[in-house]
Amino acid sequence: MARNTVLSTRVLLVCAAIGVATGILGGIAGLVTPIVLSVPGLAIVYGLVLGAHVLPGIIAQEVLRLPLVAVLTHVLAALVASAFAPIWTTRFLGTALLFGAIQEGVAALTRYRAWGAWRFFISAAVIGVLVAVVVFFAAHLSAYPLWAQIAYLALSVCGPVAWTAIGLSVGASLRRAGVARQTVRR
């Protein structure tokens, strides 16, 4: 008799499909990043662009509601995104591991039993604050006027939150479509 594992073939295939779809979006985000950061005044929207990288874990956790699916799906998405923008490969993988770990950490705090939207938005807010602080210094946004700094910080926190809402909607639709159905044991 086959052992029932958390990362069954079905789970791996669902994570791979989500990873490919969100990896394409992440690759596009990687391609527009240099433009966003180099055009004067446009850097304040970088948090919205970077926020798209929360999608793999959000969708995977909403669909499957299992441990490790966020990190796995994030890594697969990072590998796909790297095909579009190879120059960002290490950043894609680092972001995948960081965002996936934050999403898994929040889920682990509830022992993978609470799947309400509030839980996803907590991880989105943590990621948003982290993104805001890191990019603020990395992109030298302190040189911008105060209004631009405030707008950047607000958009950096709101970006992951908005992408999380989109991811929850996609994940809920996939659940309703039957993607998360368990196979019948014999």
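1. Cavity. The largest cavity has a volume of about 110 Å³. The model is predicted, and one cavity of 30 Å³ or more is counted in it. The lining takes in 14 residues. Nearest the centre of this cavity are His53, Pro56, His74, Ala77 and Ala78. Three helices, α1, α4 and α5, each give at least two residues to the lining.

2. Confidence. The chain has a mean pLDDT of 90. A value of 70 or more is reached by 94% of its residues. Among the elements, helix α4, residues 69-84, has the highest mean, at 97. The lowest mean belongs to α2, at 87. Keep both in view: α4 supplies at least two residues of the cavity lining, and α2 supplies at least two residues of the largest nonpolar core.

3. Main core. The largest nonpolar core holds 22 residues. Tyr46, Ile127, Val131, Val135 and Tyr152 have the most contacts inside this core. At least two core residues come from each of α1 (9-38), α2 (46-51), α5 (89-109), α6 (117-138) and α7 (146-176). The largest share is that of α6, with five residues.

4. Second core. A separate core has 11 residues. Val14, Ile18, Ile59 and Ala60 are among them.

5. Tyrosine 152. Which residues does tyrosine 152 contact, leaving aside its neighbours within four places in sequence? The list is Ala43, Ile44, Gly47, Val131, Ala132, Val135, Phe136 and Leu141. Two of these partners, Val131 and Val135, are also listed with Tyr152 among the residues with the most contacts inside the largest core.

6. Glutamine 149. This residue is in helix α7. Is glutamine 149 buried or exposed? Its relative accessibility is 16%, so it counts as buried, the limit being under 20%. Beyond four places in sequence, glutamine 149 is in contact with Phe136, Leu141, Ser142 and Tyr144. Phe136 and Leu141 also appear among the contacts of tyrosine 152.

7. Alanine 29. Helix α1 holds alanine 29. The residue is buried, because its relative accessible area is 8% and the limit is under 20%. Not counting residues up to four places away in sequence, alanine 29 touches Val49 and His53. His53 is also one of the residues nearest the centre of the largest cavity. Alanine 29 and arginine 91 are 62 residues apart along the chain, and their C-alpha atoms are separated by 12 Å.

8. Valine 106. Valine 106 sits in helix α5. At 11% relative accessibility, valine 106 is buried. Its contacts, leaving aside neighbours within four places in sequence, are Arg119, Ile122 and Ser123. The C-alpha atoms of valine 106 and valine 126 are 9.7 Å apart, with their positions 20 residues apart in sequence.

9. Alanine 125 and cysteine 158. Alanine 125 belongs to helix α6. Its relative accessibility is 30%, so it counts as partly exposed, the class between 20% and 50%. Cysteine 158 is partly exposed as well, at 45%. The two residues are 33 apart in sequence and 7.8 Å apart in space, C-alpha to C-alpha.

10. Cysteines. How many disulfides does the structure hold? The count is zero. Cysteine 15 is buried, with a relative accessible area of 0%. Cysteine 158, by contrast, counts as partly exposed.

11. Backbone check. Two residues in the loop between α3 and α4 deserve a look: arginine 65 and leucine 68. Helix α3 spans 55-64. Phi of arginine 65 is near 55 degrees, positive although the residue is not glycine. Phi of leucine 68 is near 75 degrees, also positive in a residue other than glycine. Where does each stand on accessibility? Arginine 65 is partly exposed at 30%. Leucine 68 is at 48%, so it counts as partly exposed, since exposed requires over 50%.

Methods. Residues are numbered from 1 along each chain as its sequence is written. This is a predicted model: local features need pLDDT of at least 70, side-chain atom pairs count only at pLDDT 80 or more; totals for chains, interfaces and linings use all residues. Side-chain values use heavy atoms; hydrogens and water are left out. A nonpolar core is a set of buried Ala, Val, Leu, Ile, Met, Phe, Trp, Tyr and Cys residues joined through side-chain atoms within 4.5 Å. Buried means under 20% relative accessible area, exposed over 50%, partly exposed in between (1.4 Å probe, protein chains only). Helices (H or I, at least four residues) and strands (E, at least two) are DSSP runs, numbered from the N terminus. Contact means heavy atoms within 4.5 Å. A disulfide is a pair of cysteine sulfur atoms within 2.5 Å. pLDDT is the predictor's confidence in each residue, from 0 to 100. On a 1 Å grid over the protein atoms alone, a cavity is a set of points where a 1.4 Å probe fits but cannot get out, and a pocket is an open set with protein on both sides within 12 Å along at least five of seven lines; lining residues have an atom within 4 Å of a point. Grid points are joined across faces, edges and corners, and a volume is the space filled by probe spheres set on the points.
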